[in-house]
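Work through the following exercises on helix geometry and packing with the sequence and coordinates at hand. A worked solution accompanies each task.

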Amino acid sequence: MTTLVPVLGDQLSLGLSSLRAVDPGDAVVLMMEVADEATYVRHHKTKLAYILSAMRHHAQALEAAGWRVDYLRLDDPENSGSFTGEVARAIQRHDSDRIVVTEAGEWRVSAMLDGWETLFGLPVEILADTRFVCSHQKFDAWASGKRELTMEFFYREMRRKTGLLMEDDKPAGGRWNFDKENRKPAKADLLTPRPLRFAPDAITRDVIALVEDRFADHPGELEGFDYAVTASDAERQAASFFANALPQFGDYEDAMLTGERFLWHSILSPYINSGLLDPIELCWRAEAKYRKGRAPLNSVEGYIRQIIGWREYMRGIYWREGPGYVDRNFLNHHRALPHWYWTGDTDMHCLSETIGQTLATAHAHHIQRLMVTGNFALLIGADPKQVHLWYLEVYLDAYEWVELPNTLGMSQFGDGGLLGSKPYVSSGAYINRMSDYCSTCRYNVKERIGDDACPFNALYWDFLARHREKLSGNHRLAMPYRTWDRQSEEDQQATRAQAAAFLRQLDKECRPSYANRG
Ligand code: FAD
Ligand code: DLZ
Ligand code: SF4
């Protein structure tokens, strides 16, 4: 008799709760490459290669640590294609009398795990994922009875709970949040730090060939794959970030530059989300840099806020709102995304740059996701569920629990403001202020009307006018509505006609097969 311990593709941590709960002497760790997970959305090819390679390397790490591992490959002729099918076969193979598993990261897989006890007639112990600071129960206790779930207050709780950047019961530096100092535009500079590059080893080369062969129709490119796929290489990347980029992280957190996909960001989210790096340990290391005077407080506080604030908060919202969250569509948006979200082939430079980089590397940083692709999708009235599926598909760090609230909630206002106090929309002026994209764009960011006018400009005002009934009561939008109301009726009509003409043209660019997906 054995205890079966299924370890999923985003559970690649040696300290996983399920592993801690069993005796390695009578346990079999089951790792499964399955077609269902590779195809429930058309994951970017880089994402598939990353996960499969990281899983194969993790199996080796588990064996080296003394675990007995049963590893099922995607190209195994007996592979049933699903977690449940493979667990069923493994129970027979190993004569298992119980299953111990760490809870899944998303509703879809969680429902599968919940069904196993009845299906297999065995005890199934589903353990909490202790890689997060805040349990589901703690988040619910914090949220219950509150009219607004403001991230900033949740974040303060997490600071108090962890003790990060605390001096007794006070925040280090006398303030909780230094975000106002973190909005500087950047200039192209040869000294911008470069993340490490990891040449594919034999295991990665094998999975790249497998992905090219089986998932040729998935978006993205694999050429130049250089992500870490082991915990030790991910750790080298983290060390490089702390040494070279963290000090400037805060200042340039919102900046965007042509050809610069990293700037001073960490590019660690794929490793954190799949389990190769421990997020809380990273926060302690960031704090140590501050305490030793090697990184300023605005950078360190900003970094820690992203992890114990935003990341934990997104997870809390995802589980609290339930599986129905994905269908929320407060603004009643139904436009399909233009086909060039899958090619980058548009003459709007900010979008071609962000999408092109995304297809090449499966990564874009936060402001590119929020204020370029997300902003545009929201302004044109794209279906939030389709937008969500696009983000889930194309980003290396995308797992539904973190991607969905970021996309549908924060970026598309699909939940009507549960997560963000106003929609993240802007005209071209914001993009121009925070990037150098506009200087080489075919459009003129200063113009609203005419063939050369930046499309974001008319779309922005049209968005506000179109949604006046739902949004004008929002006090954070009072100023833009006042500005709009001061314009002459003639100007308003010209702006709305410009937006309508743009949207008509855009609809011709939608790929019909995408219009009704999901
Ligand atoms: P850094 O800028 O170096 O930030 C440090 C860390 O903070 C990140 O590694 C990440 O773990 C965490 N973090 C920062 N912002 C957020 C956030 N809003 N939510 C959760 N964690 C955050 N992040 C994902 O991990 N997966 C996603 O699928 C995802 N989808 C997004 C979709 C949209 C529309 C938007 C606007 C943001 C999304 N984010 C997502 C958040 C953010 O863009 C990425 O975490 C970040 O770009 C990762 O790059 P980095 O590691 O260099 O981050
Ligand atoms: C994303 C993904 C992919 C593409 N493939 C696999 C896989 O073959 N096997 C696996 O265990 N996990 C994979 N994953 C990650 C899972 O989708 C992820 O662990 C679940 O979404 C957790 O709920
Ligand atoms: Fe984007 Fe407009 Fe700037 Fe062009 S001008 S890069 S479309 S914001």
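The three exercises below concern a predicted model.

**Exercise 1.** Determine what span helix α22 (residues 489–508) should have at 1.5 Å a residue, and compare it with the distance between its end C-alpha atoms.

*Solution.* Helix α22 has 20 residues. The expected span is 1.5 Å times one less than the number of residues, and therefore α22 should span 28 Å. The end C-alpha atoms of α22 are 29 Å apart, which agrees.

**Exercise 2.** Establish which residues of α22 are buried, which are exposed, and what covers the buried ones.

*Solution.* The buried residues of α22 are Gln492, Thr495, Ala499, Phe502, Leu503 and Leu506. Because they cover an arc of only 100 degrees around the axis, they lie on the same side of α22. On the other side of α22, Glu489, Glu490, Gln493, Arg504 and Lys508 are exposed. The cover over the buried residues includes α15 (366–380), α19 (455–466) and α21 (478–486).

**Exercise 3.** Classify the packing of α15 against α19 and of α12 against α13.

*Solution.* The axes of α15 and α19 are 9 Å apart, at an angle of about 50 degrees. That angle makes α15 oblique to α19, and their crossing is left-handed. Contact residues include Phe376 and Leu379 of α15 and Phe456 and Tyr460 of α19.

For α12 (residues 279–291) and α13 (residues 297–321), the angle is about 165 degrees and the axes are 9 Å apart. Angles over 145 degrees count as roughly antiparallel, so α12 is roughly antiparallel to α13. The crossing of α12 and α13 is left-handed. Among the residues in contact are Leu282 and Tyr290 of α12 and Val300 and Ile307 of α13.

Key: Residues are numbered from 1 along each chain as its sequence is written. Chains are lettered from A and ligands numbered from 1 in the order in which they are written. This is a predicted model: local features need pLDDT of at least 70, side-chain atom pairs count only at pLDDT 80 or more; totals for chains, interfaces and linings use all residues. Side-chain values use heavy atoms; hydrogens and water are left out. Helices (H or I, at least four residues) and strands (E, at least two) are DSSP runs, numbered from the N terminus. Buried means under 20% relative accessible area, exposed over 50%, partly exposed in between (1.4 Å probe, protein chains only). The arc is that of the directions from the helix axis to the C-beta atoms. Contact means heavy atoms within 4.5 Å. Axes are lines fitted to C-alpha atoms, for helices over the stretch in contact, and angles run from 0 to 180 degrees between N-to-C directions. Angles under 35 degrees count as roughly parallel, over 145 as roughly antiparallel, 65 to 115 as roughly perpendicular and the rest as oblique. A crossing is left-handed if the near helix is turned anticlockwise from the far one by less than a right angle, and right-handed if clockwise.
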